[in-house]
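This briefing covers helix packing, nonpolar cores and cysteines in one structure. The topics follow in that order.

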Amino acid sequence: MLPKPSGCTGCPLEHKGRGFVPDLMAKRTDYLMFGEAPGSTEIADGKPFQGRAGFVLKQWIMRQVPQVQIASEKGRVSYANVLRCLPPEIQGRAYPKGQERIDAEAHCKQYLNIGIGDAPVVILLGEMPQRF
């Protein structure tokens, strides 16, 4: 598990969330897969989209959009999440609600290593990336 960066203070998840998962960026990005938050597998591996849900999403998207499969084979797909730590489970959902969620999302923007407009194609996976 990667430690949280020193600048991760002031976030509503500072003492609640576990670990830290940075973006997994390709040297040249044709597609950015942008999800909500890491899961326990991602926290353990230190890389986004490594758990079961990430695997299933990647496989499904690559079957639906063959160009993503080709780009992936060339190492030109990047992966990132809105939140960088594993949020606590709240009412069966693994991320905060209300103002706490808004504040956590805003705080995590500083760790996004690519501008959303920098990738030719951005694949938004979930509710949170659609608001980002």
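**Helix packing, cores and cysteines**

Helix H4 packs its buried residues against helix H5 (127-131). The model is a predicted one. The points below start with H4 and then move to the other helices, the cores and the cysteines.

**Helix H4**
- The buried residues of H4 are Arg101, Ala104, Glu105, His107 and Cys108.
- These residues lie on the same side of H4, because they cover an arc of only 160 degrees around the axis.
- His107, which lies in helix H4, has a relative accessible area of 13% and is buried.
- Leaving aside neighbours within four places in sequence, His107 is in contact with Gly7, Cys8, Thr9 and Cys11.

**Helices H2 and H3**
- Helix H2 spans residues 52-64 and helix H3 spans residues 66-73; their axes come within 4 Å and cross at roughly 120 degrees.
- On the H2 side, Ile61, Met62, Arg63 and Gln64 take part, and they meet Pro66, Val68, Gln69 and Ser72 in H3.
- Sorted by class, this contact of H2 with H3 has four nonpolar, three polar and one charged residues.

**Nonpolar cores**
- In soluble globular proteins, nonpolar side chains tend to be buried together.
- Here the largest nonpolar core has 13 residues.
- The residues with the most contacts inside this core are Leu13, Leu32, Phe34, Ala80, Val82, Leu83 and Ala104.
- Two elements, strand S1 (31-35) and helix H4 (98-108), give two or more residues each to this core.
- A second core, separate from the largest, has eleven residues, including Tyr31, Phe49, Ala71 and Tyr79.
- Ala104 is thus listed both among the buried residues of H4 and among those with the most contacts in the largest core.

**Cysteines**
- The structure holds zero disulfides.
- A disulfide is a covalent bond between the sulfur atoms of two cysteines.
- For Cys11, the closest cysteine sulfur is that of Cys108, at 5.3 Å, so the two are too far apart for a bond.
- The cut-off applied to a pair of cysteine sulfur atoms is within 2.5 Å.
- Seen from Cys108, the nearest cysteine sulfur is that of Cys11, and Cys108 is in no disulfide.
- Cys11 is buried, with a relative accessible area of 8%.
- Cys108 also counts as buried, at 4% relative accessibility.
- Cys11 is one of the residues in contact with His107, while Cys108 is one of the buried residues in H4.

Methods: Residues are numbered from 1 along each chain as its sequence is written. This is a predicted model: local features need pLDDT of at least 70, side-chain atom pairs count only at pLDDT 80 or more; totals for chains, interfaces and linings use all residues. Side-chain values use heavy atoms; hydrogens and water are left out. Buried means under 20% relative accessible area, exposed over 50%, partly exposed in between (1.4 Å probe, protein chains only). A nonpolar core is a set of buried Ala, Val, Leu, Ile, Met, Phe, Trp, Tyr and Cys residues joined through side-chain atoms within 4.5 Å. The arc is that of the directions from the helix axis to the C-beta atoms. Contact means heavy atoms within 4.5 Å. Axes are lines fitted to C-alpha atoms, for helices over the stretch in contact, and angles run from 0 to 180 degrees between N-to-C directions. Ala, Val, Leu, Ile, Met, Phe, Trp, Tyr, Cys and Pro count as nonpolar, Asp, Glu, Lys and Arg as charged, and the others, Gly among them, as polar.
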